[in-house]
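Good morning, and thank you for coming. I would like to take you through one structure, and I ask that you keep the sequence and the model in view as I speak.

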Amino acid sequence: MTSRMLNMMLLSGISTAVLLGCSQQADDVETLASKQDTVQSADNQASRNTGAWGGVYMTRDELRAPNINIVDDSSLPSMENDPSIAEWETKFEGSNAFITTNGAKLYHDSCAGCHMHEGQGAYGAGYYPPLADNSKMQSKYYIIDILINGFRGMPSFHMMMNDEQMAAVTQYVVNDLNGFKQTVTAKDVAQLRHANPPGYDPSE
């Protein structure tokens, strides 16, 4: 026999002895197998309620029941009594469009959410340019054009404000936020208004 074969036989014998030794345990040594008899029965219902499927488990009776909406809408207020709708109606003065011709109210209701109440503009999910202390606001036609057509991320108010309302909010931006001395009239708006409002994306 060559020395190589002897080495292989020796290694094989050692490996077998190690494996046999690992599998032998004294009777008093606790193993996972010896614990099986003492494990309590699992509470399947608790597992269903607290595990990954918690809240999803349904009983046989529930499965047999007619299909229903799992959201209980019985506690929801009616449209007439919905406080969020009431707040919306107050803002729009009772309809889905602006009624007032008060420039300050129009600005604070429709523009201040992005451009801020003092017209200082904002940075956040996007850039909202300041309308106060802005030399571009000296041109009333620049403001009117953007109100009619929108600009980049700003929506068009073509279908939301009439000529008088656009004139009023433009007057507020020109005078109150910037101190420029210009008079803005509904006729100024009518000169730029066209019959085809832009799409939902003003940049299109």
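Let me begin with a term: a salt bridge, as I use it here, is a side-chain nitrogen of Lys or Arg within 4 Å of a carboxyl oxygen of Asp or Glu. By that criterion, the structure holds three salt bridges. I should say at once that this is a predicted model, and that the values I quote were computed from it.

Before turning to those pairs, a word on the chain itself. It has 204 residues, and 23% of them count as buried. There are 10 helices and two strands. Read from the N terminus, the order of elements is α-α-α-α-α-α-α-β-β-α-α-α. Among contacts with a separation of 6 or more, 55% are between residues 24 or more positions apart.

Now to the salt bridges. Side chains of opposite charge can pair when their charged atoms come close. The side chains of D109 and K105 form one such pair, at 2.5 Å from N to O. Both residues belong to helix α6, where they are four residues apart, about one turn of the helix. D109 has a relative accessibility of 23% and therefore counts as partly exposed. K105 is also partly exposed, because its relative accessible area is 28%.

The next pair is D188 with K140, whose side chains meet at 3.0 Å, N to O. This salt bridge links distant parts of the chain, since D188 is in helix α10 and K140 in helix α8, 48 residues apart. Both D188 and K140 are buried.

The remaining pair joins the side chains of D163 and R193, with 2.5 Å between N and O. Here too, distant parts of the chain are linked: D163 sits in helix α9, R193 in the segment after α10, and 30 residues separate them. Are these two partners buried or exposed? D163 is buried, because its relative accessible area is 18%, under the 20% cut-off. R193, at 24%, is partly exposed.

I turn next to helix α8, which we have just met through K140. Its buried residues are K140, I143, I144, I146, L147 and I148. Against what do the buried residues of α8 pack? They pack against α9 and α10, the latter spanning residues 186-192. Just after α8, G150 takes a positive phi of about 75°.

That brings me to the interior. The largest nonpolar core has 25 residues, and those touching the most other members are Y107, M161, M166, V169, V173 and L177. Two or more residues of this core come from each of α6, α8 and α9. Of these, α9 gives the most, with seven residues. As for L177, leaving aside residues up to four places away in sequence, this leucine touches Y107, E118, G119, L131, A132, D133 and Y172.

Let us now consider the open space in the model. Rolling a probe the size of a water molecule over the atoms shows where empty space is left. The largest pocket has a volume of about 710 Å³. Its lining consists of 27 residues, and H115, P129, I146, F151 and M154 lie nearest the centre. Which elements supply at least two residues each to that lining? They are α7 (112-115), β2 (127-128), α8 (140-149) and α9 (163-176). The largest share, four residues, comes from α8. Thus I146 is among the buried residues of α8 and also lies among the residues nearest the centre of the pocket. By character, the lining divides into 18 nonpolar, seven polar and two charged residues.

Finally, two backbone details deserve attention. M116 has a positive phi of about 75° although it is not a glycine. This methionine is found in the loop between α7 and β1. M116 counts as partly exposed because its relative accessibility is 25%. D133, another residue other than glycine, has a positive phi near 50°. D133 lies in the loop between β2 and α8. With a relative accessibility of 71%, D133 counts as exposed. D133 is also one of the residues that L177 touches.

To close, I would point once more to α8: buried residues of this helix pack against α9 and α10, K140 pairs with D188, and the helix gives the largest share of the lining of the largest pocket. Thank you for your attention.

How values were computed
Residues are numbered from 1 along each chain as its sequence is written. This is a predicted model: local features need pLDDT of at least 70, side-chain atom pairs count only at pLDDT 80 or more; totals for chains, interfaces and linings use all residues. Side-chain values use heavy atoms; hydrogens and water are left out. On a 1 Å grid over the protein atoms alone, a cavity is a set of points where a 1.4 Å probe fits but cannot get out, and a pocket is an open set with protein on both sides within 12 Å along at least five of seven lines; lining residues have an atom within 4 Å of a point. Grid points are joined across faces, edges and corners, and a volume is the space filled by probe spheres set on the points. Ala, Val, Leu, Ile, Met, Phe, Trp, Tyr, Cys and Pro count as nonpolar, Asp, Glu, Lys and Arg as charged, and the others, Gly among them, as polar. Buried means under 20% relative accessible area, exposed over 50%, partly exposed in between (1.4 Å probe, protein chains only). Contact means heavy atoms within 4.5 Å. A nonpolar core is a set of buried Ala, Val, Leu, Ile, Met, Phe, Trp, Tyr and Cys residues joined through side-chain atoms within 4.5 Å.
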